[in-house]
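Colleague: I have a chain on my screen and a few bench questions. Can we go through its charge pairs and surface?

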Amino acid sequence: IRVVRQSKFRHVFGQAVKNDQCYDDIRVSRVTWDSSFCAVNPNFVAIIIEASGGGAFLVLPLHKTGRIDKSYPTVCGHTGPVLDIDWCPHNDQVIASGSEDCTVMVWQIPENGLTLPLTEPAVILEGHSKRVGIVAWHPTAHNVLLSAGCDNVIIIWNVGTGEPLINLDDLHQDMIYNVSWNRNGSLICTASKDKKIRVIDPRKQEIVAEKEKAHEGARPMRAIFLSDGNVFTTGFSRMSERQLALWNPKSMEEPIALHEMDTSNGVLLPFYDPDTNIIYLCGKGDSSIRYFEITDESPYVHYLNTFSSKEPQRGMGFMPKRGLDVNKCEIARFFKLHERKCEPIIMTVPRKSDLFQDDLYPDTAGPEASLEAEEWFDGKNGDPILISLKHGYIPGKNRDLKVVKKNILDNKLAANKKSDLISAPKKAADTSNTQNEAKLDEILKELKSLKGTITQQDERISKLEQQMAKIAV
């Protein structure tokens, strides 16, 4: 008899909330794309929905449960279906979306949610030549966003200036299934249709480690970084059995562990909690969530339990740790998408005590970024800034997303002027520059709209003159 090893997560149990705590009457997107279709944070749940003509997603304040009115405003600036969404880890009102229209858009959501449809993004990021199926924010640097498209290109953007700063366009010859940042955002790992897992240093633009045929089967794989630097993958065997595996990027020849699961054909989406080292596997089209604990003793990936329900899932959102109820010993909360609704599922460790359980809640990544975008692009690394959840998470004030478009001419002038600037005090120049740029933007906008008005009036005058001429005749 196999002795079950001791683990405080042995008895984690999942529970779906009551019906009135669900979000109902939502037409969940039907696009055939293997993303999770749902993103959540301590304030909002965002869900990609069916939209006629264009692409849209809903953003609901967490407390807005029950039936969602047909006329509820959406975020609807894309001209093609939305394929992926991701909340910014450093600002709970900022969300990025990737779409079939080849663009990435970053949106600022009002503090209390939408009262009108949102059609104007804070910034549009253009650079992909095919649909964009993956967006992922940098875990520790402010305003750094990664996108990956069906052009097999990964672009890393400075959202604060709207510029693509890193373009990885020759590292993948085939479709990219997913991309995952490591804990401090110094590396990414990718799973691709060519059955390779790659570990990439994005700033050096080079592959640090790769594994061919990580899983032999032809169906989609997933690869995510764990906090210790190992890589966890899901995929299919040659016999179409679902597999999971654990790899050490320093020696990729053989996996640390490889397990076969079952013969279902849905892609396994892994959700990882670095604080407890638990991985939750949600198969698209499955009606269960299985969870495993990763440890450094054999067999390394330990099966804990399965949460089962009747309905299959179309997608899944995963709440960051700071959005959980620590008084109820909640260690994970999922937002399961059905065809017409979103149902929260709460994972709890049964404890008798009402006291704060510090072994379940080590300090967790807070919303503060440890680096500015420029510092990261210059080669600096920063670990997540941790916060205690002892008294629950109290949200601070989010700083607004400001996008200062750089003028290309400025860069050329700056290059000539660099030598003069060294002696000048930098800070003062910076703030006045930003103000001037903002002013300039405003003036340019006004000019543009005036020009538009003039053009319209010109057309109108010429139409009226034509009508006059007809009557005169």
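What follows is a short exchange on salt bridges, a surface patch and a repeat annotation.

Modeller: This is a predicted model, where local features need pLDDT of at least 70, side-chain atom pairs count only at pLDDT 80 or more, and totals for chains, interfaces and linings use all residues. Residues are numbered from 1 along each chain as its sequence is written, and side-chain values use heavy atoms, with hydrogens and water left out.

Colleague: How many salt bridges does a search of the whole structure find?

Modeller: Side chains of opposite charge can pair when their charged atoms come close. A salt bridge here is a side-chain nitrogen of Lys or Arg within 4 Å of a carboxyl oxygen of Asp or Glu. Searching the whole structure on that basis gives 19.

Colleague: Asp262 forms a salt bridge with Arg290. How many residues apart in sequence are the parts that this pair ties together?

Modeller: The closest N and O atoms of Asp262 and Arg290 are 2.7 Å apart. Asp262 sits in the loop between strand S23 (257-260) and strand S24 (268-273), and Arg290 in strand S26 (residues 288-294). Strands (E, at least two residues) and helices (H or I, at least four) are DSSP runs, numbered from the N terminus. The pair therefore ties together parts separated in sequence by 28 residues.

Colleague: Lys321 pairs with Asp273. Is Asp273 buried or exposed?

Modeller: Lys321 and Asp273 form a salt bridge, with the closest N and O atoms 2.7 Å apart. Buried means under 20% relative accessible area, exposed over 50%, partly exposed in between (1.4 Å probe, protein chains only). Lys321, at 9%, counts as buried. Asp273 has a relative accessible area of 4%, so Asp273 is buried.

Colleague: Asp359 forms a salt bridge with Arg351. What does Arg351 count as by relative accessibility?

Modeller: The closest N and O atoms of this pair are 3.0 Å apart. Asp359 has 34% relative accessibility, so Asp359 counts as partly exposed. Arg351 is at 28%, which means Arg351 counts as partly exposed.

Colleague: Which helix holds Leu447?

Modeller: Leu447 has a relative accessible area of 42%, so this residue is partly exposed. Leu447 lies in residues 426-472, which form helix H3.

Colleague: Over residues 75-109, how far apart are the end C-alpha atoms?

Modeller: An unreviewed UniProt entry carries the annotation "repeat: WD" over stretches including residues 75-109. UniProt positions use the numbering here, feature names are shortened, and annotations may be inferred rather than shown by experiment. The chain over 75-109 is 0% helix and 63% strand, and its end C-alpha atoms are separated by 9 Å.
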